[in-house]
Amino acid sequence: MLVLAQTVISLAAHRCIRALKTVQTEHAAPQLYTTLNRRTCSSVSTPRITTHYTIHSREKDPRWEGIEMERFADEADVVIVGGGPAGLSAAIRLKQLANKHEKELRVCLVEKASQIGAHTLSGACLEPTALRELFPDWKERGAPLNTPVTEDVFSILTEKHRIPVPMLPGLPMNNHGNYIVRLGNFVRWLGEQAEELGVELYPGYAAAEVLFHEDGSVKGIATNDVGIAKDGSPKDVFERGMELHAKVTLFGEGCHGHLAKQLYKQFNLRENCEPQTYAIGLKELWTIDEKKWRPGRVEHSVGWPLNRHTYGGSFLYHLNEGEPLVALGFVVGLDYTNPYLSPFREFQRWKHHPFVAPTLEGGNRIAYGARALNEGGLQSIPKLTFPGGLLIGCSPGFMNVPKIKGTHTAMKSGMLAAEAIFPKVTAESLDSETAGLHTPEYAENLKNSWVWKEMYAVRNIRPSFHNYFGLYGGMIYTGIFYWIFRGKEPWTLKHCGLDANQLKPAKDCTPIEYPKPDGKISFDLLSSVALSGTNHEGDQPPHLTLKDDGVPVNRNLAIYDGPEQRFCPAGVYEYVPLETGDGMRLQINAQNCVHCKTCDIKDPSQNINWVVPEGGGGPAYNGM
């Protein structure tokens with residue numbers, strides 16, 4: 001566990017932090033609900049599901065009368081939300097600049113995972129461009145990039161066969177010069193570099209609320225309250241969260257950030273861009289027979305088991321980490337239309353393909369996880385700056401979709417943000433129209449960087465999929481307009497709208513019959529979630545909140561046959577019979593949640609609002 005920095009903090013703030021840690025430590029929870037527990041909840045005609053204080057105000061709740069609600073506050077120059085590649089790169093660059101110019105600069109970073117890197121999940125094939133800029137001596141520093149890509153394989157799969165596709169130089173999937181990494185390990189290494197430079201890292205503290213000055217500019221963030229019972233009442237160990245104030249706050253929460261959603265509305269940041277579109281990525285780590293191990297080999301495929309109108313594909317990477325290890329995964333665009341589709345089961349089915357299964361036969365699955373990823377590209381990037389804050393990394397969405405890479409662009413966005421705000425936060429006399437500093441220079445610098453050039457070139461590849469020929473039409477478009485013309489076509493294609501609006505009613509769709517898992521290559525959902533290390537304090541309000549508890553049964557189940565129970569990759573949502581036997585109810589198994597955000601994105605009623613649970617909860621990915 002990274003320790004709190006040596007900076008002098010008020011005694012009251014220290015007491016607050018110790019109390020928060022005590023609450024987190026004293027309430028260890030089992031990883032999963034058992035089937036028994038899932039079946040024994042009480043029911044009424046419309047069972048109450050949501051007890052979270054963001055939906056039910058504590059001000060009108062007599063159970064909260066007399067409870068101390070004061071929050072201790074602390075001041076920093078810069079606060080960063082999110083300990084991923086973007087947030088850590090921003091923190092590192094800020095301290096590098098401060099050391100270079102001999103400036104005092106306090107940088108605080110909060111991360112909801114119990115350890116830096118514990119919630120990080122990606123393929124991942126890393127393009128080292130931004131890393132070289134951040135640390136030219138990254139090899140000497142021991143960055144965990146152990147597997148240079150030596151072989152690229154790309155395939156179109158049919159149910160029984162494979163059609164090889166030549167990997168020509170210049171195609172976005174060409175990985176020459178890249179490294180296969182376990183991104184969680186890489187992020188943990190970035191955290192070590194940041195701490196050495198003097199960045200204050202606060203893992204285990206979830207940023208739950210954006211704070212504002214009276215003039216409307218961002219003042220900072222507040223961490224979440226802890227010690228609240230599942231029914232929404234205060235426990236004896238209740239402690240209010242802590243406020244962190246800053247001249248500038250950087251929001252690098254990752255894909256579909258909880259606070260970023262609030263900022264979009266507060267500052268109308270999405271006024272001049274298209275809706276963001278997403279995919280869900282599912283991943284497993286396996287140890288395999290050493291005879292089948294090809295360190296440095298990268299395999300990608302499209303096609304089966306998805307039809308041509310469902311965007312997605314697979315990856316299988318051979319790592320060189322001292323043992324015969326492979327990372328494999330499946331990505332499904334969340335603009336799919338059939339409510340019966342299950343991304344998890346499509347993944348399990350894909351592993352049985354004759355081209356994939358031989359690699360896994362006799363192997364051992366050791367880890368599982370899932371995460372949503374941005375696919376909107378250039379068209380969907382919102383306004384990035386506002387008084388008091390900036391958006392960085394995958395929160396606004398800098399992923400290069402055809403490359404399936406966003407780490408290098410996220411890191412660069414964090415570095416550019418740091419370079420833009422550093423002169424202002426260290427200026428002896430602040431010249432700002434608002435209490436929170438506004439730094440529009442960041443957006444300008446980004447548009448003049450290689451990040452923008454790269455994203456502009458591929459801007460039409462993902463939306464080109466929306467044509468009569470689907471996948472194959474998109475591949476033809478990519479071959480002509482990207483490989484030949486490098487994205488210089490004088491038009492920009494549009495997406496088809498919010499992913500939540502794409503599902504068709506169940507009556508208009510054909511149910512999908514998935515084969516049962518064999519327990520050797522394919523597996524059931526709950527045994528998979530057990531491998532994610534997911535853990536939440538059990539006696540807390542479910543952080544998967546519903547705006548209206550009646551909508552799931554009355555609309556989602558009635559019209560779409562309950563798609564929550566299929567698009568969730570962790571078994572969080574299930575429809576169970578009412579104990580009275582006269583209907584169904586939705587049950588939310590919040591302890592299973594791997595924080596992928598898919599439910600918040602794909603819910604056709606947009607009734608689910610993902611909020612942060614108590615800090616330290618969630619998956620514990622070991623180098624995923």
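Let's start with a small piece of this predicted model: an open sheet of three strands, arranged in the order 3-7-4 with antiparallel pairing. Strand 3 (125–126) and strand 4 (147–148) sit at the edges with a single partner strand each, so one side of each has no neighbour in the sheet. Look at where strand 3 meets strand 7 (residues 179–180): the two run antiparallel and are joined by two bridges. One residue to find here is Cys125, whose bridge partner in strand 7 is Ile180.

Just before strand 3 there's something to stop for. The peptide bond from Gly123 to Ala124 is cis, with omega near -5 degrees. Ala124 belongs to the loop between strand 2 (107–111) and strand 3.

Now for a bigger sheet. Seven strands make up another open sheet, in the order 6-5-15-16-17-14-18, and here the pairing is mixed. Its edges are strand 6 (162–165) and strand 18 (364–374); each has a single partner strand, so one side of each is left without a neighbour in the sheet. On average, and ignoring direction, neighbouring strands in this sheet are turned by 20 degrees against each other. As a general matter, strands of a sheet pair through backbone hydrogen bonds, in either a parallel or an antiparallel way. Strand 14 (residues 278–287) and strand 18 take the antiparallel option, pairing over 10 bridges. To pick out one spot along that pairing, find Ile280 and look across to its bridge partner in strand 18, Ala372.

What lies across this sheet? Helix 7 (residues 343–350) does, over strand 5 (151–157), strand 14, strand 15 (297–303), strand 16 (312–320), strand 17 (324–333) and strand 18. Helix 7 runs at about 135 degrees to strand 17.

Two loops that lead into strands of this sheet have backbone details of their own. A cis peptide bond, with omega of about 10 degrees, joins Trp304 and Pro305, and Pro305 is in the loop between strand 15 and strand 16. Then there's Asn268, which has a positive phi of about 55 degrees although it is not a glycine. You'll find Asn268 in the loop between helix 6 (258–267) and strand 14.

Next, the helices. In general, two packed helices are described by the angle between their axes and the distance between those axes. Helix 3 (residues 85–100) and helix 5 (residues 183–197) pack at an angle of about 25 degrees, with axes 9 Å apart. That angle makes helix 3 roughly parallel to helix 5, and their crossing is left-handed. On the helix 3 side, the contact is made by Pro85, Leu88, Ile92, Lys95, Gln96 and Asn99, while helix 5 brings in Val187, Leu190, Gly191, Gln193, Ala194 and Leu197. Sorted by class, the residues of this contact are seven nonpolar, four polar and one charged.

Helix 3 also meets helix 9 (residues 407–425). Their axes come within 7 Å and cross at roughly 35 degrees, this time in a right-handed crossing. Among the helix 3 residues in this contact are Ala86, Ala90 and Leu94, and among those of helix 9 are Ala410, Met411 and Phe422. The contact has 12 nonpolar, four polar and two charged residues. Pro85 is listed in this contact and in the one with helix 5 as well.

Follow helix 9 a little further and you reach helix 11 (residues 450–457), where the axes come within 10 Å and cross at roughly 145 degrees. This crossing is left-handed. His408, Thr409 and Lys412 of helix 9 touch Trp450, Val451 and Glu454 of helix 11, which gives two nonpolar, two polar and two charged residues.

Finally, a hairpin and a ring pair. Strand 11 (residues 226–228) and strand 12 pair in the antiparallel sense over two bridges, and Ile228 has Pro234 as its bridge partner. Five residues separate the strands of this hairpin, and Gly232 takes a positive phi near 90 degrees.

The model has 18 aromatic pairs. In one of them, the rings of Trp64 and Phe238 have centres 5.0 Å apart and planes at 85 degrees, so the pair is edge-to-face. Trp64 lies in the loop between helix 2 (35–38) and strand 1 (73–81), and Phe238 in strand 12 (residues 234–239), so this pair links distant parts of the chain, 174 residues apart.

Definitions and conventions: Residues numbered from 1 in each chain as written. Predicted model: local features only at pLDDT ≥ 70, side-chain atom pairs only at ≥ 80, totals over all residues. Heavy atoms only, no water. Pairing = 2+ DSSP bridges. Helix = DSSP H or I, 4+ residues; strand = E, 2+ residues; numbered from the N terminus. Axes fitted to C-alpha atoms, helices over the stretch in contact; angles between N-to-C directions. Parallel < 35°, antiparallel > 145°, perpendicular 65-115°, else oblique. Left-handed = near helix turned anticlockwise from the far one by under 90°. Contact = heavy atoms within 4.5 Å. Nonpolar A, V, L, I, M, F, W, Y, C, P; charged D, E, K, R; others polar. Phe/Tyr/Trp six-rings, centres within 6.5 Å; stacked < 30°, edge-to-face > 60°.
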